[in-house]
Amino acid sequence: MGVTTAYNATFVLDKGLSEDPRYSGTYTYQTSPIGFNFGVDVGKKFGLQLESILSNQGQIYNVVNTAKEVAGTRKIDMQYINLPLLMKFSGGGSGRARGNFNFGPQLSILSKGVESLTTQAGNFEMPSGVDFETIKQDYPTAVDNGNGTYTIPNDIPSRDLLTKQAGDFKKKEFQLAAAFGLDIDLSKHLYLTTQIRANYSLTDMRNEDVINSLKAGNFSEVFGGRANCLVGVQLGLHYYFGSLRSFKE
């Protein structure tokens, strides 16, 4: 059994936002500040591991105007309790350091979710498939320039687009989790793990009502499937019930 912490690059893979000329993704880094795990070795090279990890995820998108200048921020801020059940494959040696590979399904339970948008005054390109009347629903003061762009004359204060409280996000997601790294024996019962870890969601984080409304063109943006993705470095300290290999006589 053990405790872990991690530092991750987190992504929201949204085809609609990636094709929308008004948005540009940024590199977003977050922590998984605490995690717990319990595992059982079935043999020298194979085991099962159940984990519970508090994970901050999401991504920040820059809002860009027709001059390609940053004119606002779209922030997707999520927090999950991740529950991966992993198959663990270990190296067969008896040295203090052994390679490991972990893979398995993960249930992610949403604990916090807010998607917010702040937009400054300026000229913006209308994305393909979105008409000006739909733009006006989100920006009532917008002016159609008649050339595929529109102008927002005043800064738009920050507003929440989607929230957990309103039920806009799914309460649970199914993901795949994978990791590889090293187990390093520190003493007869303690060992350290260092891993590169990745998670990828198999389901859209938004609920069906939001997805259907986007498909119907009720939002001033391009619809696209959305998935959570995480790649990071994880460290763990573990207690082993029994003698670790490099300390066995």
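## Salt bridges and a small sheet

In this predicted model, Lys170 and Glu208 join their side chains in a salt bridge, with 3.8 Å from N to O. Lys170 sits in the loop between strand S10 (156–163) and S11, while Glu208 belongs to helix H3, so the pair ties together parts that are 38 residues apart in sequence. Lys170 has a relative accessibility of 21%; buried means under 20%, so Lys170 counts as partly exposed. Glu208, at 45%, is also partly exposed.

Side chains of opposite charge can pair when their charged atoms come close. The count for this model comes to 12 salt bridges. Three of them are set out below.

| Pair | N to O distance |
|---|---|
| Lys170 and Glu208 | 3.8 Å |
| Asp185 and Arg98 | 3.0 Å |
| Asp20 and Arg22 | 2.7 Å |

The side chains of Asp185 and Arg98 meet at 3.0 Å, N to O. This pair links distant parts of the chain: Asp185 is in strand S11 (residues 172–185) and Arg98 is in strand S6 (residues 97–119), 87 residues apart. Both Asp185 and Arg98 are buried.

In the salt bridge between Asp20 and Arg22, the closest N and O atoms are 2.7 Å apart. Are these two residues buried or exposed? Asp20 has 2% relative accessibility and counts as buried. Arg22 has 3% and counts as buried too.

Asp20 and Arg22 are also among the residues in contact with Glu221. Where does Glu221 lie? Glu221 is found in the loop between helix H3 (208–215) and strand S13 (226–239). With a relative accessible area of 13%, Glu221 is buried, because the limit for that term is under 20%. Neighbours within four places in sequence aside, the contacts of Glu221 are Asp20, Arg22, Arg74, Val130 and Leu214. With Arg74, the Glu221 side chain makes a polar contact, side chain to side chain, at 3.1 Å. Glu221 and Arg74 also belong to a network of salt bridges that links them with Asp14, Glu115, Asp204, Arg206 and Arg226.

The remaining topic is a sheet. Three strands make up an open sheet with antiparallel pairing, in the order S7-S9-S8. Strand S7 (122–125) and strand S8 (143–144) are at the edges and have a single partner strand each, so one side of each is left without a neighbour in the sheet. Two bridges join S8 to strand S9 (residues 149–152) in the antiparallel sense. Which residue does Asp144 stand opposite in S9? The residue is Tyr150.

Note on methods:
Residues numbered from 1 in each chain as written. Predicted model: local features only at pLDDT ≥ 70, side-chain atom pairs only at ≥ 80, totals over all residues. Heavy atoms only, no water. Helix = DSSP H or I, 4+ residues; strand = E, 2+ residues; numbered from the N terminus. Buried < 20%, exposed > 50% of the residue type's maximum accessible area, 1.4 Å probe, protein only. Polar contact = N/O pair within 3.5 Å; in protein donor to acceptor, adjacent residues only side chain to side chain. Contact = heavy atoms within 4.5 Å. Pairing = 2+ DSSP bridges. Salt bridge = Lys/Arg side-chain N within 4 Å of Asp/Glu carboxyl O.
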